[in-house]
Amino acid sequence: MDRRCNFSLSTIKRRLEYCGWRCEGKLPDGRRCPTIVTKGRFRCDHVIPDRLGGKPTFENAQILCLQCDGVKTPRDLAQIGKARRQEVADYRVKPRSSRPLPCGKRSPFKKKIDGRVVMRHG
Ligand SMILES: [Zn+2]
């Protein structure tokens, strides 16, 4: 997924120094995420999404590890209100019957060309 990131490199660097290369995301229980991010393995995220007027400033930036970024993104979308409800249809594929076809190869009976049904030999 390629998300827009308007932060300048200097802003990202300042933010990384500020947070000590530690993810600024919050865990579901409210604690700060303990993940230490490394080069190329983090996201500089908007605290207020840019589409909601968030500016690409140091104050509106937060360093997120990729896990936290993956958690936050759907929440952003819901906040923006553009997340379309996707109703997944419950397609259920009928399991194939294990019953042998009448007079098929797996049936003990065999239908002769003249229409008579006889026991399969063997
Ligand atoms: Zn994190």
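**Buried strands and the nonpolar core of the predicted model**

Strand E2 is covered on both of its faces: Ala61, Ile63 and Cys65 are buried on one side, and Gln62 and Leu64 are buried on the other. The structure described here is a predicted model. In this model, five of the five residues of E2 are buried, and the strand is therefore largely enclosed by the rest of the structure. The division of its residues into two sets can be set beside a general pattern. In a regular strand, side chains alternate between the two faces of the sheet.

Strand E1 is arranged in a comparable manner. Phe42, Cys44 and His46 point one way from E1, whereas Arg43 and Asp45 point the other way, and all of these residues are buried. E1 is accordingly described as mostly covered, with five of its five residues buried. The two strands, E1 and E2, run antiparallel and are joined by five bridges. Within this pairing, Arg43 stands opposite Leu64 of E2, and Asp45 stands opposite Gln62 of E2.

The largest nonpolar core comprises ten residues, namely Phe7, Cys23, Val37, Phe42, Cys44, Ala61, Ile63, Leu64, Cys65 and Cys68. Strand E1 (42-46) and strand E2 (61-65) each contribute at least two residues to this core. The largest share, four residues, is supplied by E2. Such grouping can be read against a general tendency. In soluble globular proteins, nonpolar side chains tend to be buried together. Among the core residues, Phe7 is in contact with Ile12, Cys44, Pro56 and Ala61 when neighbours within four places in sequence are left aside. Of these partners, Cys44 and Ala61 are themselves listed in the core.

Helix H1 also approaches this region through Leu16, a residue found in that helix. Leu16 touches Trp21 and Ile63, residues up to four places away in sequence not being counted. The C-alpha atoms of Leu16 and Ile63 are 6.8 Å apart in space, although the two residues are 47 apart in sequence. Leu16 is partly exposed, because 17 other C-beta atoms lie within 10 Å, whereas 20 or more would be needed for a residue to count as buried.

Thr38 provides a contrasting environment. This residue lies in the loop between helix H1 (9-19) and E1. Thr38 is exposed, because 9 other C-beta atoms lie within 10 Å and a residue with 12 or fewer is classed as exposed. The C-alpha atoms of Thr38 and Leu16 are separated by 9.9 Å, and the two residues are 22 apart along the chain.

At the level of the whole protein chain, two helices and four strands are present. Read along the sequence, these elements follow the pattern α-β-β-α-β-β. Of the 122 residues of the chain, 16% count as buried. Among contacts between residues at least 6 apart in sequence, 50% join residues at least 24 apart.

The confidence of the prediction was also examined. The protein chain has an average pLDDT of 81, and 75% of the residues score at least 70. Over residues 85-89, however, the pLDDT is below 50, and this stretch has zero contacts in the model beyond near neighbours in sequence.

How values were computed. Residues numbered from 1 in each chain as written. Predicted model: local features only at pLDDT ≥ 70, side-chain atom pairs only at ≥ 80, totals over all residues. Core = buried A, V, L, I, M, F, W, Y, C linked by C-beta atoms within 7 Å. Contact = placed C-beta atoms within 7 Å. Pairing = 2+ DSSP bridges. pLDDT = per-residue confidence, 0-100.
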